[in-house]
Amino acid sequence: MVSTELPQHCGFVVFYYQSPIDFKFAGAFVGTNQWAIGHRTASGWIKDQVFSHTINTGVDYALRLVINNSNEATLFVDGVQSVSYAFSDLVNEGAIGLATRQATTRFDNV
């Protein structure tokens, strides 16, 4: 699924950051109740794998992103594996960060 804009009430970890239109992400799309792993291109925001589950605003969620085999990203939410995706390219290099829109995120432990 491709979206040209970052939807409201979302927050995620950015990884394999190469440029503003070339990076991977994992996190919450609250408005659509989806935990997602995907990537950003010049075409937009692409959700490669999603897990639909109720996501509430005003609630703290503990996210953990694990990269295995240099290309597989797995997102854990409150200690439970929620979504996983194996990219065709390596994703264990590049900068990391946070992305939000009408949401609050913070690093607690890197």
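A salt bridge is a side-chain nitrogen of Lys or Arg within 4 Å of a carboxyl oxygen of Asp or Glu. The exercises below apply this to a predicted model.

**Exercise 1.** Determine how many salt bridges the structure holds, and which side chains meet there.

*Solution.* The structure holds one salt bridge. The side chains that meet in it are those of Asp89 and Lys24, with 3.6 Å from N to O, and this satisfies the definition because the cut-off is 4 Å. The pair links distant parts of the chain, for Asp89 lies in the loop between strand 8 (80–86) and strand 9 (95–101), whereas Lys24 belongs to strand 3 (residues 22–29), 65 residues apart.

**Exercise 2.** Decide for Asp89 and for Lys24 whether the residue is buried, partly exposed or exposed.

*Solution.* Start with Lys24, which has a relative accessible area of 6% and is therefore buried, the limit for that class being under 20%. Turn next to Asp89, which has a relative accessibility of 30% and so counts as partly exposed.

**Exercise 3.** Work out which strands strand 2 (residues 10–19) is joined to, and in which direction they run.

*Solution.* Take strand 3 to begin with: seven bridges join it to strand 2, and the two run antiparallel. They form a hairpin with two residues between them, and within this pairing Phe12 has Gly27 of strand 3 as its bridge partner. Consider then strand 9, which is joined to strand 2 by six bridges, again in an antiparallel arrangement; here the bridge partner of Val13 is Leu98 in strand 9.

Terms used:
Residues numbered from 1 in each chain as written. Predicted model: local features only at pLDDT ≥ 70, side-chain atom pairs only at ≥ 80, totals over all residues. Heavy atoms only, no water. Helix = DSSP H or I, 4+ residues; strand = E, 2+ residues; numbered from the N terminus. Buried < 20%, exposed > 50% of the residue type's maximum accessible area, 1.4 Å probe, protein only. Pairing = 2+ DSSP bridges.
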